[in-house]
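Here is a friendly walk through one protein model, from its inner packing out to its surface. Have the viewer open as you read.

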Amino acid sequence: MERKASRRVNAHLSPEHVSPQDRPARLTVGVVGAGRVGPALAAALQLAGHRPVAVSGVSDASRRRAAAMLPDVPVVPPAEVLARAELVLLTVPDDALPGLVAGLAETGAVRPGQIMVHTSGRHGTAVLDPARRAGALPLALHPAMTFTGTQVDVQRLAGCSFGVTAPEELRLAAEALVIEMGGEPEWIEEAARPLYHAALAMGSNHLVTLVAQSMELLGTAGVAHPARMLGPLLGAALDNALRSGDAALTGPVARGDAGTVAAHVAELRAHAPQAVAGYLAMARTTADRALAHGLLKPELAEDLLGVLADGGNQ
């Protein structure tokens with residue numbers, strides 16, 4: 001049964017380059033959870049010729065977002081979304097997903113042959129097992145992008161990588177859906193999903209924290225336009241890191257300037273004590289990587305690591 005359904009889905013989702021206006025509406029699309037992600041993906045699928053028919057949202061913000069991104073699409077309870085849609089996007093927080101799937105399956109809302117897509121980075125398709133047992137076709141499609149909840153997200157999907165996990169017989173259908181949304185499919189094995197998600201969180205979420213903290217410190221130092229000062233520097237650093245990895249490391253830690261690092265820590269303790277722990281943790285990690293890649297000279301590493309171990313209290 002699953003193989004027959006997958007053949008039908010693959011036929012519907014052939015990623016041929018046909019202009020949206022020349023495509024018939026092939027699948028009805030529903031969204032459960034009108035956060036920042038779901039409406040954007042549904043809008044992208046609409047551009048590809050599919051037809052959003054229902055969305056669920058609880059908060060006033062989610063209802064406004066749905067109205068802005070998917071005008072004229074009714075807001076209904078989750079079970080009604082499933083009743084109307086052939087393709088269902090489950091776009092709720094990671095921790096809420098297992099309970100949602102179990103609840104929908106227990107109430108009989110899931111239909112055989114229905115395509116169930118979740119967008120959690122952490123989970124693969126195992127979290128959809130209750131729906132699969134009810135006859136649904138499970139797909140995990142995680143866009144590796146931050147979302148604003150506005151139309152700009154649809155444009156940003158062009159070229160965005162998606163972490164794709166699916167049963168082997170549904171792999172082509174999953175990849176075709178990603179391509180139709182403008183994305184690039186990247187296959188992630190089920191067991192690797194938590195590691196994959198941790199890597200993305202380190203690279204994106206922690207980056208926001210570091211940048212925001214850096215802007216605050218520049219403001220404290222008297223810089224009138226911290227964002228303008230950081231923009232070119234961070235842009236170049238990101239580009240160099242993506243191109244060269246650890247070889248792009250620069251700065252006092254990579255050079256082994258123990259005195260400069262100690263001065264940094266002393267200033268942070270005086271003006272921004274909440275930033276000391278993060279600075280020390282990142283400096284230790286940077287030192288380890290610089291040493292391992294031959295950038296930090298061993299004879300300089302000892303004094304530097306001593307400052308970091310001492311927390312700058314010399």
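## The main core

Let's begin inside. The largest nonpolar core has 36 residues, and Leu 87, Leu 89, Val 117, Leu 139, Leu 141 and Phe 162 are the ones that touch the most other members. A nonpolar core here is a set of buried Ala, Val, Leu, Ile, Met, Phe, Trp, Tyr and Cys residues joined through side-chain atoms within 4.5 Å. Buried means under 20% relative accessible area, exposed means over 50%, and partly exposed is in between (1.4 Å probe, protein chains only). At least two residues of this core come from each of β1 (28-32), α2 (38-47), α3 (60-69), β3 (87-90), β4 (115-118), β5 (137-143), β6 (161-165) and α8 (171-180). The most generous contributor is α2, with 6 residues. These labels follow DSSP runs, numbered from the N terminus: helices are H or I runs of at least four residues, and strands are E runs of at least two.

Which residues does Phe 162 touch? Not counting residues up to four places away in sequence, Phe 162 touches Leu 41, Leu 141, His 142, Pro 143, Leu 157, Val 178, Met 181, Gly 183, Glu 184, Pro 185 and Glu 186. Contact means heavy atoms within 4.5 Å. Apart from the largest core lies another core, of 21 residues, including Val 32, Val 53, Val 81 and Leu 100.

## About the model

This is a predicted model, in which local features need pLDDT of at least 70 and side-chain atom pairs count only at pLDDT 80 or more, while totals for chains, interfaces and linings use all residues. Residues are numbered from 1 along each chain as its sequence is written, and side-chain values use heavy atoms, with hydrogens and water left out.

## The overall picture

The protein has 14 helices and 7 strands, and its C-alpha trace spans about 70 × 40 × 40 Å along the principal axes. Of its 314 residues, 42% count as buried. Among contacts between residues at least 6 apart in sequence, 62% join residues at least 24 apart.

## Helix α8 and Glu 175

Helix α8 is largely enclosed by the rest of the structure, because 7 of its 10 residues are buried. Those buried residues are Ala 173, Ala 174, Glu 175, Ala 176, Leu 177, Val 178 and Glu 180. After α8 comes Gly 182, which has a positive phi, near 95°.

Is Glu 175 buried or exposed? Glu 175, which sits in helix α8, counts as buried at 18% relative accessibility. Leaving out residues up to four places away in sequence, Glu 175 touches Pro 185 and Trp 187.

## Leu 82 and Gly 108

Leu 82 belongs to helix α4 (residues 78-84) and is buried, with a relative accessible area of 0%. Setting aside neighbours within four places in sequence, Leu 82 is in contact with Val 32, Val 88, Leu 104, Ala 109, Val 110, Arg 111, Gln 114 and Met 116. Leu 82 and Gln 114 are 32 residues apart in sequence, with their C-alpha atoms 8.5 Å apart in space.

Now look at Gly 108, in the loop between α5 (97-106) and β4. Gly 108 is exposed, with a relative accessible area of 55%. From Gly 108 to Met 69 is 39 residues in sequence and 29 Å in space, C-alpha to C-alpha.

## Two helix pairs

Two packed helices are described by the angle between their axes and the distance between the axes. Axes are lines fitted to C-alpha atoms, for helices over the stretch in contact, and angles run from 0 to 180 degrees between N-to-C directions. Helix α9 (residues 193-220) and helix α10 (residues 226-244) have axes that come within 9 Å and cross at roughly 130°. That makes α9 oblique to α10 (angles under 35 degrees count as roughly parallel, over 145 as roughly antiparallel, 65 to 115 as roughly perpendicular and the rest as oblique). The contact is made by Val 211, Ser 214, Met 215, Leu 218 and Gly 219 of α9 and Pro 226, Ala 227, Met 229, Leu 230 and Leu 234 of α10.

Helix α12 (residues 258-271) and helix α13 (residues 276-292) pack at about 160°, with their axes 9 Å apart. So α12 is roughly antiparallel to α13. On the α12 side, the contact is made by Val 261, His 264, Val 265, Leu 268 and Arg 269, and on the α13 side by Val 276, Tyr 279 and Leu 280.
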